[in-house]
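Tutor: Pick one spot you'd like a close look at, and I'll start there and work outwards.

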Amino acid sequence: MTDAISEAPRALEREAEKNDIRTRWLLATPAIVIIFLFATAPLFVMVVYSFLAPGDYGNVKWEFSLDGWTNVLVQRDIFDDTLMWADAHLSIFWRSLSLSVITTFLTLVFGVPTAWFIATQPPGRREVWLFLITVPFWTNLLVRTIAIQELIRAEGVINNTLLFVGLINAPIQMMFTDFAIAFGMTYVYLPLMVLPVYAAVEKLDFRLVEAAHDLYAGRWVAFRRVILPLIKPGIIAGSILVFIPSLGAYVTPRVLGGGKNLMFGNLIELQFGAGRNWPLGAALSLMLMAAVMVSLIYYVRVTSREQSDG
Amino acid sequence: MAEPARPTRGYSVRTLPGFAIVALFTFVALYAPIAILVVFSFNAGTSLAIWEGFSLRWYVQAAQNEQVLDAGLRSLYLAGFSASIATVAATMAALATTRTRRFPGRTMIYALINQPLMVPEIVTAVALLIVFAAVKVWTGHTSMIYLIAAHTAFCVPFAYLPIRARLETMDNTLEVAARDLYAPPWKVFTRVTLPLMWPGIIAGLMLAFVISMDDVVITEFVKSAGQDTLPTYMLGQLRRVVTPEINAISTVILVVGAILVSLFFALTMRRR
């Protein structure tokens, strides 16, 4: 084939492709503009705000200041102007981190057996069980949190039942504790653990487990040495999926933790309310976002490795 | 046929001791709190834990509560508007990004569309608070437009998911056939492509609607005075004495949500 003949259609083709790409960009424009204006751009504005001085009644003064960022860790004493560690912030960071880890652990304890159970059901029944796991997840988060609150209140169902049976003499204080927050978050985020672990168990080649048994591995050894390594990517994925929203949780700690047991999200809110320190709130938000981004990048790496292996 | 010699196990490799019990416990624990919440919405007394007989009084009370009706209508109106706009934008974006080779900028479009999912809600909420506070001062305008804008933005990725999934499984032979029969592009789209992707669009619309209806955090930070939606109204009420009226409202939300989610599943599963 000579070039002279193939050149003309190729140019046409290139023209058509260019047109196609232009049409595609035009089609994507409304979505891009909406998201850029009302989700992405405000994040950049927040970066600017974190470097301004707090206004006296909230909002900001338009002068450069690093106080927003330094206030994350240190506070200036109102009376003698000395610097000291912001103990309250440190304890809230610690609470956020430890409660998120505890929540992740608890969802593992309940989520892995549940995922295993669903994945080992006959194929037709799996979808029903999966549906049962997914439905609560799509129901209103606030309503599910209220359900937990009503359960663990001083005059709630759990305390009333225990009192009635005679196991306790006075109601146990469960509301407004760290326990309540961890319990509530485990409840609301459990499906996020079950789904990826289920996907991993479903792909598991059970002949490998049989082989392990045939080679005289006991059940525990087979679980630890064969099953666990094979479903590990699913477990890591589920753990990150639970950890991320736990770290940024706002509604659950607000409803179940009350005014004292703050988490990261509530500390951010405080700066825009009674704290009247918007730059600090902006800096804290950016820190939270950074922590989530790191977890997300790790998640993407784990799941893409899983795909290339599978 | 002779079985190959192997050690007898006497159990299935598919079961692990205790797992089924933990799983069943989990299923019960997942539904029990919701069930209890629903049961006590029908309580004749004011308690959330002591049953005093069946009554619909809390539903009646909620239905006569001006604030509840107001917030409920506002939620519907907000979700209806935001989900519709988001679905139109998401449908166009899905058409732009599927059934094509990689083209310059496609990854960027993906990343932007999914961006609201990557950032914690509280962060988006305060970022919008900062921006809208300035805009509100600057323009003196405090209508629902801010809430609609914020909701539309975070609804787009949710509407996009099912529409894109639908388009990716759709085979384009019918469209090629229509084109071969000299149908103009617009006709191919309205008579062939659109009817084929319709279940995906409806599923996306419903998902976006549910997500908007359920939102608390962003709404709480963006709303101006007197713009409570049902979730932010309930959040405010939790600070006071809680009566089964909250349960009655919650039950209505649960039922509406469950219907929408079941429809969503029906629409997205059928093609398999």
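Student: Take me to Tyr189(A), please: which helix of chain A does it lie in, and what does it touch?

Tutor: First, some ground rules: this is a predicted model, where local features need pLDDT of at least 70 and side-chain atom pairs count only at pLDDT 80 or more, while totals for chains, interfaces and linings use all residues. Residues are numbered from 1 along each chain as its sequence is written, and chains are lettered from A and ligands numbered from 1 in the order in which they are written.

Tyr189(A) lies in helix H7 of chain A, residues 178-203 (helices are DSSP runs of H or I with at least four residues, strands are E runs of at least two, and both are numbered from the N terminus). Tyr189(A) counts as buried because 26 other C-beta atoms lie within 10 Å (buried takes 20 or more other C-beta atoms within 10 Å of a residue's own, exposed 12 or fewer, partly exposed in between, with C-beta atoms placed from the backbone). Leaving out residues up to four places away in sequence, Tyr189(A) touches Thr103(A), Thr107(A), Val242(A), Pro245(A) and Ser246(A) (contact means C-beta atoms, placed from the backbone, within 7 Å). Ser246(A) is 57 residues away along the chain, yet its C-alpha sits 8.0 Å from that of Tyr189(A).

Now for a couple of loops in chain A. Tyr216(A), between helix H8 (206-214) and helix H9 (219-247), has a positive phi near 70° without being a glycine. Tyr216(A) is exposed because there are just 9 C-beta neighbours inside 10 Å. Arg276(A) is another non-glycine with positive phi, near 45°, in the loop between helix H11 (264-272) and helix H12 (278-309). Arg276(A) counts as partly exposed, because it has 16 C-beta neighbours inside 10 Å.

Chain A has a hairpin too. Strands S1 (52-54) and S2 (60-64) of chain A pair antiparallel over three bridges (pairing takes at least two DSSP bridges between two strands). Pro54(A) is bridged to Val60(A) in S2(A). Five residues sit between the strands, and in this hairpin Gly58(A) has a positive phi near 85°.

Next door, chain B has 11 helices and zero strands. On the contact side, 73 residues of chain B meet 68 residues of chain A. By class, the chain B side has 58 nonpolar, 10 polar and five charged residues (Ala, Val, Leu, Ile, Met, Phe, Trp, Tyr, Cys and Pro are nonpolar; Asp, Glu, Lys and Arg charged; the others, Gly among them, polar). One of the helices supplying at least two residues to that side is H5 of chain B. H5(B), residues 121-139, has 19 residues and reaches 26 Å from first C-alpha to last, close to the 27 Å expected (1.5 Å times one less than the number of residues). Its buried residues include Glu121(B), Val126(B) and Phe132(B). Right after H5(B) comes Gly140(B), with a positive phi near 70°.

As for overall shape, the C-alpha trace of chain B spans about 80 × 70 × 35 Å along its principal axes. Its radius of gyration is 25 Å, whereas a compact globule of 272 residues would be near 19 Å (taken over C-alpha atoms; the globule rule is 2.2 Å times the number of residues to the power 0.38).

Note on methods
Two residues are in contact if their C-beta atoms, placed from the backbone, lie within 7 Å.
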